[in-house]
Amino acid sequence: MTMVSVALAGCVKTDQERAVADGAAPLTQEEAIAEFRGNTLSGKIPQYQMRYVVYYSPDGRLTGAISGPVTDRARGTWRVTESGQVCNDWEKETWRTGPACNTYYKHNDEYKVFRPEGGVVSVSQLKKGNPANLELRPDLEVAKSQGSLVTIPVEFLRERVPGNTLSGNLPGLGNANYHAFYGKDGNVAGIIPAAAEKDTGTYRITDSGEVCVRWRKWLEAEERCSLWYQDGDKIKVFDAAGNLGVTVVIREGNPEELDDGPS
């Protein structure tokens, strides 16, 4: 490398350095609260070709939607640290893939988040109020208010689930296909073909009608209980927080030939 190229290499600035040189400054705690509270951030994550909208409710609740390769919605809570970082605590685990707390730099009419090495993570703009009408209520509460859900009796679950397969789509994974075979012996096997993901575990159906599954790998290998409701010819499965997890139909037997033994 010549001396000229070395000198030029030393002049290369990161996205963050260029933004700061152009007047970008991190929000203080007071600024972040004043600007985010009761308003919406609408922006994009260039690396993943994804767009997002997040509404910061004045009462500390949070609701957001993403679109692009994956389309999904989630809720949670938000707060601002003394150093000015905005922390989003999402209820859905699939939304907890990055840092919970981020420093937002205001750059003209944009708000930017940078990686530790200075690359840009997201670019957004602030919109007053909740123009996207993002729903703060859980999916289950909204669905019940629409009157389309029918409670599934525990007797039906205990008769129809063991020995059969649930097939449907996962909203949190771009509506990817999903299959789960519930053995009559209390074992369960699942597969997400598009993601080449599969797992096994155990399940039980409680007297109150909850279906509780403990996967060996998925969902941190913790038992998670869900509520199942009939919605037309489909079954909608909601988690403990009321988030829609999967929409499925019951198929006879084990058509996907899933092995519910130890993986």
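Here's a quick tour of the sheet, the cores, the aromatic pairs and one exposed residue in this structure. Keep in mind that it's a predicted model. Its largest nonpolar core has 24 residues, and a second, separate core has 19. There's also an open sheet of 10 strands.

**The sheet and its helix**

- Reading across the open sheet, the strands run β1-β8-β9-β10-β2-β3-β4-β5-β6-β7, with antiparallel pairing.
- The edges belong to β1 (25-26) and β7 (101-102); each has a single partner strand, so one side of each has no neighbour in the sheet.
- Strands β5 (residues 72-80) and β6 (residues 86-90) are an antiparallel pair joined over five bridges, and here R79 sits opposite C87 in β6.
- Helix α3 (residues 29-36) packs on the sheet, where it touches strands including β1, β5, β6 and β10 (120-128). The direction of α3 makes about 140 degrees with that of β5.

**The nonpolar cores**

- In general, nonpolar side chains of soluble globular proteins tend to be buried together.
- In the largest core here, the residues touching the most other members are Y178, Y182 and W228.
- Elements that each supply at least two residues of this core include α5 (154-160), β12 (164-170), β15 (197-205) and β19. Strand β13 gives the largest share, with four residues.
- Setting aside neighbours within four places in sequence, Y182 is in contact with residues including V161, L166, V188, Y203, V213 and W228.
- As for the second core, its members include L41, V86, Y104 and V113.

**Aromatic pairs**

- The count of aromatic pairs comes to 10.
- One of them is Y56 with W78, an edge-to-face pair with 5.1 Å centre to centre and 85 degrees between the planes. This pair links distant parts of the chain, as Y56 lies in strand β3 and W78 in strand β5, 22 residues apart. Both Y56 and W78 are buried.
- W215 and W218 make a tilted pair, at 4.8 Å centre to centre with 55 degrees between the planes. W215 counts as buried because its relative accessible area is 6%, and W218 is buried too, with a value of 15%.
- Ring pairs also tie F36, Y56, W78, Y104 and Y111 into a cluster.

**Out in the open: E257**

- You'll find E257 in the segment after β19 (244-251).
- Is E257 buried or exposed? E257 is exposed, because its relative accessible area is 70% and the cut-off for exposed is over 50%.
- E257 and F114 are 143 residues apart along the chain, and their C-alpha atoms are separated by 46 Å.

Notes. Residues are numbered from 1 along each chain as its sequence is written. This is a predicted model: local features need pLDDT of at least 70, side-chain atom pairs count only at pLDDT 80 or more; totals for chains, interfaces and linings use all residues. Side-chain values use heavy atoms; hydrogens and water are left out. Buried means under 20% relative accessible area, exposed over 50%, partly exposed in between (1.4 Å probe, protein chains only). A nonpolar core is a set of buried Ala, Val, Leu, Ile, Met, Phe, Trp, Tyr and Cys residues joined through side-chain atoms within 4.5 Å. Contact means heavy atoms within 4.5 Å. Two strands pair if DSSP finds at least two bridges between them. Axes are lines fitted to C-alpha atoms, for helices over the stretch in contact, and angles run from 0 to 180 degrees between N-to-C directions. Rings of Phe, Tyr and Trp (its six-membered ring) pair if their centres lie within 6.5 Å; planes under 30 degrees apart count as stacked, over 60 as edge-to-face and the rest as tilted.
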